[in-house]
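The following exercises are to be solved with the sequence and the model at hand. Each task is followed by a worked solution.

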Amino acid sequence: LMKKGWQEKMQYINEYLQDVIEITKRIDQSEIDKMVNKLVDVREDGGRIFFIGVGGGAGNASHAVNDFRKIADIESYAPTDNVSELTARINDEGWETCYAEWLRGSRLCSDDAIFVFSVGGGDKEKNISVNLIRALEFGKEAGAKILGITGRDGGFTAQIADACVIVPTVRTNTITTHTESFQVVLWHLLVSHPKLMKSSMKWESVDKGNPR
């Protein structure tokens, strides 16, 4: 029984990592290239990136803000980093409009971009992630670029985005974990892309003869 349990655990580990390989093979690289060019336009126009997400997507948004500011030299923000304003808006105005009103207060304009990290991308009919949907609708009205890294079929984000990379579904019981993991992989690809990277990263710049 112990051996069987061990084999089952090893099988899951192998399947999970094989799925990572399969997802990598299936990702639409042309959509990534399109996203790179949109981000170059944002920087050249002096625009800003507003990263929005919920749950794991919100955590990824915070990390991405750091990387795009520091490595790609693009002014970037995430509403979820400003917990006082965000919770005040949720309390006073409601969850559904909290991101849209935050963006309105930030004077979102056509030079800017909204970048969504979401598993489903928002679904109008099913009333899922409505705060993301309202933010994207406001972004379209303002003429901002819409970008996203999502899972499943991309949802509302993919429907209206200028560029949206959809993380392919290989196994239905790991959609969330793989989508949120690949959001990290893909934004790191973006900030390290030759067209976007402005500042070298710490460990890449350390003398290779003196590894630490």
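**Exercise 1: Two loop residues**

With a relative accessible area of 25%, Ser129 is partly exposed. The model is a predicted one.

Task: Classify Asn127 as buried or exposed, and state where Asn127 and Ser129 lie.

Solution. Step 1: the relative accessibility of Asn127 is 52%. Step 2: the cut-off for exposed is over 50%, so Asn127 counts as exposed. Step 3: Asn127 belongs to the loop between strand 3 and helix 6 (130-142), and Ser129 is found in the loop between strand 3 and helix 6 as well. Step 4: although Asn127 is not a glycine, its phi is positive, at about 60 degrees. Ser129, likewise a residue other than glycine, has a positive phi near 55 degrees.

**Exercise 2: The length and packing of helix 3**

Task: Compare the expected span of helix 3 with the distance between its end C-alpha atoms, and identify its buried residues.

Solution. Step 1: helix 3 covers residues 56-70, which is 15 residues. Step 2: at 1.5 Å a residue, the helix should span 21 Å. Step 3: the end C-alpha atoms are 22 Å apart, which agrees. Step 4: the buried residues are Gly57, Ala58, Asn60, Ala61, Ala64, Val65, Asp67 and Phe68. Step 5: these buried residues pack against several elements, including helix 2 (29-44), strand 1 (48-53) and helix 8 (175-192).

**Exercise 3: Aromatic rings**

Task: Which residues form one aromatic cluster with Phe68?

Solution. Step 1: the structure holds 10 aromatic pairs. Step 2: Phe68 forms one aromatic cluster with Phe51, Phe115, Phe117 and Trp187.

Technical notes
Residues numbered from 1 in each chain as written. Predicted model: local features only at pLDDT ≥ 70, side-chain atom pairs only at ≥ 80, totals over all residues. Heavy atoms only, no water. Phe/Tyr/Trp six-rings, centres within 6.5 Å; stacked < 30°, edge-to-face > 60°. Helix = DSSP H or I, 4+ residues; strand = E, 2+ residues; numbered from the N terminus. Expected span 1.5 Å × (residues − 1). Buried < 20%, exposed > 50% of the residue type's maximum accessible area, 1.4 Å probe, protein only. Contact = heavy atoms within 4.5 Å.
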